Amino acid sequence: MPSQRILEILKSDSCPQACDISPLPIPPGVPALECLDLRFSYHDGVEAVAGVGFQVKAGEAVALCGPNGSGKTTLLKLLTGLLQPQSGTIRLAGRELKGDNAGQAFRSVGLLFQDSQDQLFCNNVLEDVSFGLKNLGLESSEVQARASLALHLAEAEHLKGRPIHHLSGGEMKRVALAGLIDMRTTVIILDEPTAGLDPAATGHLMELVQHLHRDHGYALLVVTHEMDLVPRLADRVLVMREGRVVADGPSRQVLTDVPLLEGARLKPPEITKYFFQKALQEGRRPEWLPLSVEEALLPGKAGRNGHP
Ligand SMILES: Nc1ncnc2c1ncn2[C@@H]1O[C@H](COP(=O)(O)OP(=O)(O)OP(=O)(O)O)[C@@H](O)[C@H]1O
Ligand SMILES: [Mg+2]
């Protein structure tokens, strides 16, 4: 069920009504994204990705966490065809991404760049949000409807006539997100999407991403340092360290493994850390730890430290 704000946007008079927003379908059982033993070194010899393999199933939401310089952005660039691995395999919706078709990756996977200035290159907002759609060869009425819906959903409709170089950082992020979601790719990849956003914009981005995932079945891969957001965004967490994936498991398992996270220079969500430290202070072994304030408030859960 979409949030109240998303419902309001979808029902507003100016929002195109008869516009499908579902992602491109993929055959049953085929992973949305798959990589195998990926390796990539920059020219100066830095091995940024040192043998990475994992899958993201259709409709799955995965968070990718790791300290600065651990290779997250490099990995995302490999997965979206912006960089080519020195070895290893990438499959998008079952189709292998190779040198000759790397330029076609944008049909199956979309990346929200860590820095929006690297993403937006047209002069004006509407032009930028429509650019990828025109490249798909869509009719102009379809381009218009999709771009308009995406701008509404990203709360950027009011910016559509503005020159890109006049936008604030947060506004650029919203415009970049609109240009990404209107492509309806099977997988949406977000590289630190909330960095630089104010709390209201962060809340809205979370609602929109949850809407795309839960109500429309988009597969997500989200890089974030904001550990409090991870349980809301993802069912599964990958932890990267020095170019390798050192943990891959359900969010609850990874986010409550405080020693593992600290070893990777990460922290659990604040509320999880509070209950972990409280249990240690009281000389108990923490058995069940909440991942959010809502979970901590569930009757008979964190207070009694019992299993869910
Ligand atoms: N263009 C480049 N040329 C050379 N080395 C690079 C380049 N881009 C990144 N690196 C190096 O590759 C490693 C991984 O960088 P990357 O940007 O992938 O890390 P990250 O996990 O995304 O970090 P952050 O959390 O700071 O965004 C780092 O050691 C970085 O210095
Ligand atoms: Mg990065």
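Two strands count as paired here if DSSP finds at least two bridges between them. I keep that in mind for everything below, and also that this is a predicted model.

**Entry 1: the far end of the sheet**

I started with E9 (residues 236–241) and E10, which run antiparallel and are joined by 6 bridges. I looked up Leu238 and found that its bridge partner in E10 is Asp248.

**Entry 2: the whole sheet**

Next I wanted the strand order. I get an open sheet of 6 strands, E6-E7-E8-E3-E9-E10, with mixed pairing. E6 (109–112) and E10 (244–250) are the edge strands, each pairing on one side only. From one strand to the next, the twist averages 15°. Reminder to self: strands of a sheet pair through backbone hydrogen bonds, either parallel or antiparallel.

**Entry 3: strand E8**

Is E8 buried or exposed? I find 5 of the 5 residues of E8 (residues 219–223) buried, so the strand is largely enclosed by the rest of the structure. Then I checked which way the side chains go. In a regular strand they alternate between the two faces of the sheet. Here Ala219, Leu221 and Val223 point one way, Leu220 and Val222 the other way, and all are buried.

Which strands pair with E8 in parallel? I noted E3 (residues 61–65), with 4 bridges to E8, and E7 (residues 187–191), with 5 bridges to E8. Leu220 turns up in both lookups: it is the E8 partner of Ala61 and also the E8 partner of Ile188.

I also traced the connection from E7 to E8. With helix H6 (residues 199–216), these two strands make a right-handed β-α-β unit.

**Entry 4: helix H2**

On to H2 (residues 72–79), which is mostly covered, with 8 of its 8 residues buried. I was curious about the lysines, and both Lys72 and Lys77 are on the buried list, along with Thr73, Thr74, Leu75, Leu76, Leu78 and Leu79. H2 lies across E3, E6, E7, E8 and E9, and I get about 155° for its angle to E7. Just after the helix, Gly81 takes a positive phi of about 80°.

**Entry 5: ligand 1**

Last lookup: what sits around ligand 1? I count 13 residues surrounding ligand 1, the closest being Tyr42, Asn68, Lys72, Thr73 and Thr74. Which element gives the most to this shell? H2 does, with 3 residues. Sorted by class, the shell has 8 polar, 3 nonpolar and 2 charged residues. I cross-checked with the H2 list: Lys72, Thr73 and Thr74 are among the closest residues to the ligand and are also buried residues of H2.

Notes: Residues numbered from 1 in each chain as written. Chains lettered and ligands numbered in written order. Predicted model: local features only at pLDDT ≥ 70, side-chain atom pairs only at ≥ 80, totals over all residues. Buried ≥ 20, exposed ≤ 12 C-beta atoms within 10 Å, placed from the backbone. Near = placed C-beta within 6 Å. Nonpolar A, V, L, I, M, F, W, Y, C, P; charged D, E, K, R; others polar. Right-handed = clockwise from strand over helix to strand, strands pointing away. Axes fitted to C-alpha atoms, helices over the stretch in contact; angles between N-to-C directions. Contact = placed C-beta atoms within 7 Å.
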